[in-house]
Amino acid sequence: MSLITSDQEREPSILILDFGSQYSELIARRIREINVYSLVVNYLIDVEEIKRINPDGIILSGGPNSVYDSSAPICDENIFNIEIPVLGICYGMQLMVKQKGGLVSPAENKSEYGRAPITLDNESLLLKDIQDNSVMWMSHGDSINKLPENFLKIAHTDNTSHAAISNEKEMLFGVQFHPEVVHSEYGMNVIKNFVLKICKSKANWTTQAFIDESIQKIRDQVGNKKVLLALSGGVDSSTLAFLLHKAIGDQLTCMFIDQGFMRKGEPEFLMNFFDKKFHIRVEYINSRERFIDKLSGVIDPEAKRKIIGTEFIRVFEEESKKLGPFDYLAQGTLYPDVIESAGTNVDPKTGERIAVKIKSHHNVGGLPKDLQFKLVEPLRKLFKDEVRNVGKALGLPDEIIQRHPFPGPGLAIRILGEVNKEKLNCLRDADWIVRDEIKRAGLYNEIWQAFAVLLSVKTVGVMGDKRTYAWPIVLRCVSSEDGMTADWSKIPFEVLEKISDRIVNEVNLVNRVVFDITSKPPGTIEWE
Ligand code: XMP
């Protein structure tokens with residue numbers, strides 16, 4: 001394992017040139033699953049820069065274009081001459097074929113989408129140990145008509161004469177299918193063959209290597225200066241707190257701003273855990289009154305988010321001045337945010353984004369420009385599942401590692417209509433019962449998010465001989481991979497019954513529980 005020194009970033013072993021595929025990130029994740037460090041870069045990357053990085057291999061991603069579109073993204077064809085193995089996937093393969101002098105054209109009536117068995121034609125390291133007739137996942141309208149010189153067809157399907165191609169001499173390979181998606185039976189083997197056998201990358205991207213390298217890098221960057229971190233209790237900021245504490249000890253101060261919209265018991269848990277148990281210095285800022293006052297009379301969801309976001313920054317600003325001065329601000333920025341904000345997916349000619357992706361979080365604002373901090377962002381090269389692994393290795397408990405995502409504005413956006421203390425207490429109790437019963441039923445880790453929403457309308461009920469007019473609670477439980485799409489969870493009736501019974505019996509001012517059976521799209525996960 002190579003440990004980086006102070007001013008060196010670890011360079012990726014596999015470089016993925018992004019042509020706008022929705023799967024570029026996924027390719028990187030798959031490669032990292034086999035402990036090889038990979039990064040996604042814009043397809044316009046300079047060949048000289050690639051030579052400097054000197055990766056073991058290059059992958060050209062898929063993309064929505066046809067290689068004959070006038071606006072088709074095209075990389076520098078010199079990348080095929082620098083003696084680094086290249087694998088083109090879908091659009092990436094067609095581009096390689098075109099640039100090497102072959103012919104690609106629209107597949108007449110033969111667009112191929114979905115699962116297709118491949119038939120192996122010729123031997124190649126790329127398809128070593130891939131079962132003949134195994135199913136791969138296709139999504140394309142164009143096909144190869146003529147191969148460039150020195151290329152060989154190594155597999156086909158019923159509809160595609162060139163499902164995989166190779167030029168073993170120049171170490172250039174292409175697949176029409178998507179090896180990175182789970183529906184491709186032997187897809188992972190294709191990736192392993194390319195990365196480990198052809199590129200000969202070393203599997204040294206491990207959690208421990210990341211931790212060791214990061215600690216060294218943080219120490220080199222920060223020196224003996226002071227660092228401030230806004231702790232929310234989520235897995236990213238918690239992992240960051242542990243990592244920084246390990247690197248710089250008491251030079252780290254965490255600030256936990258309690259805006260009053262957290263779940264039952266969370267502020268206490270957080271302070272006990274970080275401050276008391278692990279002696280990580282956490283400043284608890286109680287701003288409950290301040291936030292609730294600001295929300296008085298506000299019913300528009302976006303206005304709520306804006307007010308909470310703005311107020312958060314104000315509190316942060318005031319308190320950091322009181323506690324400071326600090327030289328550095330630590331942020332839990334993750335790799336998907338970096339890929340997006342780096343404009344990897346922006347067409348340089350039109351300025352338009354070429355991968356269609358909806359952002360998964362909607363936090364408002366950022367820090368004001370005049371709040372001068374230098375940034376420490378040790379997690380900026382990690383995917384979420386890698387952060388979890390780091391957190392776990394550093395000793396964070398499952399309670400934090402497996403915690404369901406929770407929106408920044410908290411329970412305030414789970415009360416439809418005006419937020420007040422009475423409703424907050426009510427929602428907090430209902431939410432606690434939901435989590436408690438989902439955990440008791442052993443479902444917590446299978447579910448992406450399970451929570452309660454309070455509607456500010458009164459429904460009629462009957463208790464004893466009396467009619468009641470009270471709030472309904474919505475139970476929302478979804479399964480999802482990344483929050484972008486989601487399905488409602490098929491919770492067993494007995495569990496639903498238990499949750500409903502407990503909420504109407506134990507929570508004041510609630511007389512009805514309803515279950516949300518909407519998937520996303522068209523619904524969203526949150527109710528506002
Ligand atoms: P939606 O409701 O858009 O949510 O389907 C997708 C994911 O984002 C979370 N979410 C938020 N997170 N601030 C956040 O930090 C917000 O304002 C916000 N709104 C939604 C939501 O919980 C889900 O995980």
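**Close-up 1. Asp 436 and Arg 502, a buried pair in this predicted model.** Both Asp 436 and Arg 502 are buried, and their side chains form a salt bridge with the closest N and O atoms 2.9 Å apart. The contact ties together distant parts of the chain: Asp 436 belongs to helix α13 (residues 421–440) and Arg 502 to helix α14 (residues 493–506), 66 residues apart.

**Close-up 2. Glu 437 and Arg 440, a salt bridge inside helix α13.** Here the N to O distance is 3.9 Å. Glu 437 and Arg 440 sit 3 residues apart, so about one helical turn separates them. An α-helix has 3.6 residues a turn, so residues three or four places apart point the same way. The two ends of this bridge have rather unlike surroundings: Glu 437 is buried, with a relative accessible area of 5%, whereas Arg 440 is exposed, with 60%. Zoom out a little and you'll find one network of salt bridges with shared partners, joining Asp 436, Glu 437, Arg 440, Lys 498, Arg 502 and Glu 506.

**Close-up 3. Glu 311 and Arg 290, a salt bridge between helices α9 and α8.** A search of the whole structure turns up 32 salt bridges, and this is one of them, with N to O at 2.7 Å. The pair joins distant parts of the chain, with Glu 311 in helix α9 (residues 301–323) and Arg 290 in helix α8 (residues 288–294), 21 residues apart. Glu 311 counts as buried at 3% relative accessibility, while Arg 290, at 29%, counts as partly exposed.

**Close-up 4. The open sheet of 8 strands and helix α1.** Read across the sheet and the order is β2-β1-β3-β4-β12-β11-β10-β7, with mixed pairing. Strands β2 (38–42) and β7 (119–120) stand at the edges with a single partner strand each, so one side of each has no neighbour in the sheet. At the β7 edge, 2 bridges join β7 to the antiparallel strand β10 (residues 152–156), and Thr 119 stands opposite His 156 in β10. Helix α1 (residues 24–33) lies across β1 (14–18), β2, β3 (57–60) and β4 (86–89), running at about 160° to β2.

**Close-up 5. Helix α3, largely enclosed by the rest of the structure.** This helix covers residues 91–99, and 8 of its 9 residues are buried. Among them are Tyr 91, Met 93, Leu 95, Met 96 and Val 97, along with Gln 94 and Gln 99. After α3 comes Gly 101, which has a positive phi, near 100°.

**Close-up 6. Two cis peptide bonds, Gly 324 to Pro 325 and Pro 521 to Pro 522.** The bond between Gly 324 and Pro 325 has an omega of about 5°, and Pro 325 lies in the loop between α9 and β16 (328–330). Omega is also about 5° for the bond joining Pro 521 and Pro 522. Look for Pro 522 in the segment after β23 (510–515).

**Close-up 7. Met 171 and His 279, positive phi without glycine.** Met 171 has a phi near 60° and is found in the loop between β11 (164–167) and β12 (172–175). With a relative accessible area of 28%, Met 171 is partly exposed. For His 279, phi is near 55°; this residue lies in the loop between α7 (266–277) and β15 (282–286) and counts as exposed, at 58% relative accessibility.

Definitions and conventions:
Residues numbered from 1 in each chain as written. Predicted model: local features only at pLDDT ≥ 70, side-chain atom pairs only at ≥ 80, totals over all residues. Heavy atoms only, no water. Pairing = 2+ DSSP bridges. Helix = DSSP H or I, 4+ residues; strand = E, 2+ residues; numbered from the N terminus. Contact = heavy atoms within 4.5 Å. Axes fitted to C-alpha atoms, helices over the stretch in contact; angles between N-to-C directions. Buried < 20%, exposed > 50% of the residue type's maximum accessible area, 1.4 Å probe, protein only. Salt bridge = Lys/Arg side-chain N within 4 Å of Asp/Glu carboxyl O.
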